[in-house]
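Biologist: I have not looked at this one before, so could you put it up and walk me through it?

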Amino acid sequence: MSFPPSPVAPALPLTFQPLPYSSLQGRAGFSGFPSPAQDYEPRTLDLNTRLIKNPTQTFYLTAAGDSMEGWGIFDGDLLIVDRSIKPRLGHILVAMLEEEVLIKRYALYRGTPHLCSAHPHYPPLPLKNTDCQLWGVVRAVIHEYLR
């Protein structure tokens with residue numbers, strides 16, 4: 001059985017137009033008087049202010065590989081790394097271990113400090129008696145859905 005071809009409208013090119021206001025805010029309904037707190041609502045979102053707490057000690061790094069997917073870091077994600085944060089157990093670190101740059105979670109494994117991945121194919125890496133240089137603590141991960 002065949003169907004007659006349906007007319008398809010040609011796709012219109014998408015263009016970006018400036019918004020009439022600096023930020024748009026929607027309200028589900030109007031009732032009563034406006035809140036006095038509306039005057040104090042933020043108007044814009046500045047990712048630098050939100051994600052970078054110490055600009056002179058912060059750098060960006062692109063993640064490569066699949067070892068940290070279990071903790072939400074995927075191949076190609078942009079990491080915001082802060083060198084001013086003192087590492088603690090559970091932090092995700094960027095470190096150079098035996099001349100290789102790694103992104104791993106700082107954790108105790110069998111009672112000793114290790115750099116651990118979230119993937120079972122990558123064993124924990126002991127820090128004792130190794131040449132490990134801490135580059136910083138991952139403060140944020142930016143994962144783009146469309147690249």
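Modeller: We can go from the overall fold to single residues, then to the pocket and the rings. This is a predicted model, in which local features need pLDDT of at least 70 and side-chain atom pairs count only at pLDDT 80 or more, whereas totals for chains, interfaces and linings use all residues. Residues are numbered from 1 along each chain as its sequence is written, and side-chain values use heavy atoms, with hydrogens and water left out.

Biologist: OK, how many helices and strands does the chain have?

Modeller: The protein chain has one helix and seven strands, where helices (H or I, at least four residues) and strands (E, at least two) are DSSP runs numbered from the N terminus. Along the sequence they follow the pattern α-β-β-β-β-β-β-β.

Biologist: And what share of the residues is buried?

Modeller: Of the 147 residues in the protein chain, 22% are buried, which means under 20% relative accessible area, with exposed being over 50% and partly exposed in between (1.4 Å probe, protein chains only). As for contacts, meaning heavy atoms within 4.5 Å, 53% of those with a separation of 6 or more join residues 24 or more positions apart.

Biologist: Where is Asp-77, and is it buried or exposed?

Modeller: Asp-77 lies in the loop between E1 and strand E2 (78-82), and it counts as buried because its relative accessibility is 0%. Leaving aside residues up to four places away in sequence, Asp-77 touches Leu-61, Thr-62, Ala-63, Gly-72, Val-141, Ile-142, His-143 and Arg-147. Its C-alpha atom is separated by 10.0 Å from that of Tyr-145, which is 68 residues away along the chain.

Biologist: Switching loops, what about Asn-129?

Modeller: Asn-129 is in the loop between strand E6 (125-126) and strand E7 (132-142), and it counts as exposed because its relative accessibility is 76%. Asn-129 also has a positive phi of about 60 degrees, although it is not a glycine. Glu-98, in the loop between strand E3 (92-97) and E4, is likewise a residue other than glycine with a positive phi, near 55 degrees.

Biologist: And where does Lys-53 lie?

Modeller: Lys-53 lies in the loop between helix H1 (47-51) and E1, and at a relative accessible area of 49% it is partly exposed. Lys-53 and Asp-82 are 29 residues apart in sequence, while their C-alpha atoms are 8.2 Å apart in space.

Biologist: What is the volume of the largest pocket, and which residues are closest to its centre?

Modeller: The largest pocket has a volume of about 320 Å³. Of the 18 residues that line it, Ala-64, Ser-67, Leu-102, Ile-103 and Lys-104 are the closest to its centre. The elements that give two or more residues to this lining are strand E1 (58-62) and strand E4 (100-109), and E4 has the largest share, with five residues.

Biologist: How do you define a pocket, though?

Modeller: On a 1 Å grid over the protein atoms alone, a cavity is a set of points where a 1.4 Å probe fits but cannot get out, whereas a pocket is an open set with protein on both sides within 12 Å along at least five of seven lines, and lining residues have an atom within 4 Å of a point. Grid points are joined across faces, edges and corners, and the volume is the space filled by probe spheres set on the points.

Biologist: Last topic, which charges sit over rings?

Modeller: Lys-104 lies over the face of Tyr-122, at 5.3 Å from the ring centre, and the charged end of Arg-105 sits over the ring of Trp-71, 4.3 Å from its centre. A charge sits over a ring if NZ of Lys or CZ of Arg is within 6 Å of the ring centre and within 35 degrees of the ring normal.
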